[in-house]
Amino acid sequence: MTAAEERTFVATPAGSASLLQVENLSVRIAGLHILQGVSFEVAASGVTVLLGRNGVGKSTTLRAILGLTPRNGAATGSIRLGGGEILGKPTHALVKAGLGFVPEDRCVFAGLTVAENLRLAERTDTPDYDLVFGLFPELSKRAKQRAGSLSGGQQQMLSLGRVLLNPNKLLLIDEPTKGLAPKVVTEVAEALERAAQAVPVLLVEQNLAVVRRLAGDAVVIAAGQVAWTGPGEELLADPALTKSLLAVNAAGGH
Ligand SMILES: Nc1ncnc2c1ncn2[C@@H]1O[C@H](COP(=O)(O)OP(=O)(O)OP(=O)(O)O)[C@@H](O)[C@H]1O
């Protein structure tokens, strides 16, 4: 893709309220029709949360947006970022155009230090260490520590920090609080809340206490399609709806 093409597909049309529009997205992998015409929008600010029971296709949706549908699969439909079509664009071009991805498994380099992990992620001449260390002072304190010896929460912060070093139009974050102790969940949620003031986020999150704290809009996927979309507060205020869509008790937080 040429530089001119890259600029074209991230141009934001005047008057557009949402940053990302997913329309009629279908994903088939290894013969399974996982997403069957998913449509939703991601707001140009704050956190849009993607919810659904285990295995409905939340990570598949994030990966399709990033051009990471596996080779034994195919994604069809339309995904527009800032008004330009991005479905089918290569992942490296999408990252360069400002899609930041924080995967579920964190993927830090265990044998490298925190500083080395951050250094490796630099993609510009002016990485924003002020933002990253402002959000996560722990990363500055532990710069010389090997990433493999960090706690799960600290690794999550490193994973977020790596992405936030570079300019982003939208962050795609997959279950950042999964497997973390409750106190650490709160710390990560606080950090995400602050990060979302700098850059809009599409967040996959199962912990409803975190959703309650962060969500602007919520999008619920069920049976391969969007089953509900609206303000996160509205979803969580309706225990019967939450239970039917997510099989969890909103009052209990998770
Ligand atoms: N590479 C793949 N090969 C085969 N099946 C896959 C592949 N990736 C995902 N799937 C299947 O697609 C479905 C959706 O998976 P996905 O990870 O997107 O769900 P999810 O909603 O993120 O789940 P969870 O909440 O458990 O993380 C699952 O049934 C999963 O087994």
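In this predicted model, helix α7 spans residues 152-164 and contains 13 residues. The distance from its first C-alpha to its last is 18 Å, close to the 18 Å expected at 1.5 Å a residue. The helix is mostly covered, with twelve of its 13 residues buried. These buried positions are Gly 153, Gln 154, Gln 155, Gln 156, Met 157, Leu 158, Ser 159, Leu 160, Gly 161, Arg 162, Val 163 and Leu 164. The cover over the buried residues of α7 includes two strands, β6 (99-102) and β7 (170-174). It also includes the helices α4 (114-121), α5 (129-135), α6 (137-141) and α8 (182-198).

The protein as a whole has eleven helices and ten strands. Its C-alpha atoms occupy a box of roughly 50 × 45 × 40 Å along the principal axes. A compact globule of 254 residues would have a radius of gyration near 18 Å, and the value for the protein is 18 Å, so the two agree. Of the 254 residues, 40% count as buried. Among contacts with a separation of 6 or more, 72% are made by residues 24 or more positions apart.

An unreviewed UniProt entry lists residues 20-248 under "domain: ABC transporter". Over residues 20-248, helix accounts for 37% of the chain and strand for 29%. The C-alpha atoms at the two ends of this stretch lie 28 Å apart.

The ligand is surrounded by 13 residues. The closest of them are Asn 54, Gly 55, Lys 58, Ser 59 and Thr 60. Strand β2 (32-43) and helix α2 (58-65) each contribute at least two residues to the shell around the ligand. The largest share, three residues, is supplied by α2. By residue type, the shell around the ligand consists of six nonpolar residues, six polar residues and one charged residue.

Two alanines have a positive phi, in each case in a residue other than glycine. For Ala 30, phi is near 50°. This residue is placed in the loop between β1 (18-29) and β2. Ala 30 has 8 other C-beta atoms within 10 Å and is therefore exposed, the limit for an exposed residue being 12 or fewer. For Ala 223, phi is likewise near 50°. Ala 223 belongs to the loop between β9 (215-222) and β10 (225-231). With 10 other C-beta atoms within 10 Å, Ala 223 is exposed as well.

Gln 197 is located in helix α8, one of the elements that cover the buried residues of α7. Gln 197 itself is exposed, because 10 other C-beta atoms lie within 10 Å of its own. Between Gln 197 and Pro 137 there is a separation of 60 residues in sequence, and their C-alpha atoms are 17 Å apart in space.

Technical notes:
Residues numbered from 1 in each chain as written. Predicted model: local features only at pLDDT ≥ 70, side-chain atom pairs only at ≥ 80, totals over all residues. Helix = DSSP H or I, 4+ residues; strand = E, 2+ residues; numbered from the N terminus. Expected span 1.5 Å × (residues − 1). Buried ≥ 20, exposed ≤ 12 C-beta atoms within 10 Å, placed from the backbone. Contact = placed C-beta atoms within 7 Å. UniProt positions renumbered as here; feature names shortened; annotations may be inferred. Near = placed C-beta within 6 Å. Nonpolar A, V, L, I, M, F, W, Y, C, P; charged D, E, K, R; others polar. Rg over C-alpha atoms; globule rule 2.2 N^0.38 Å.
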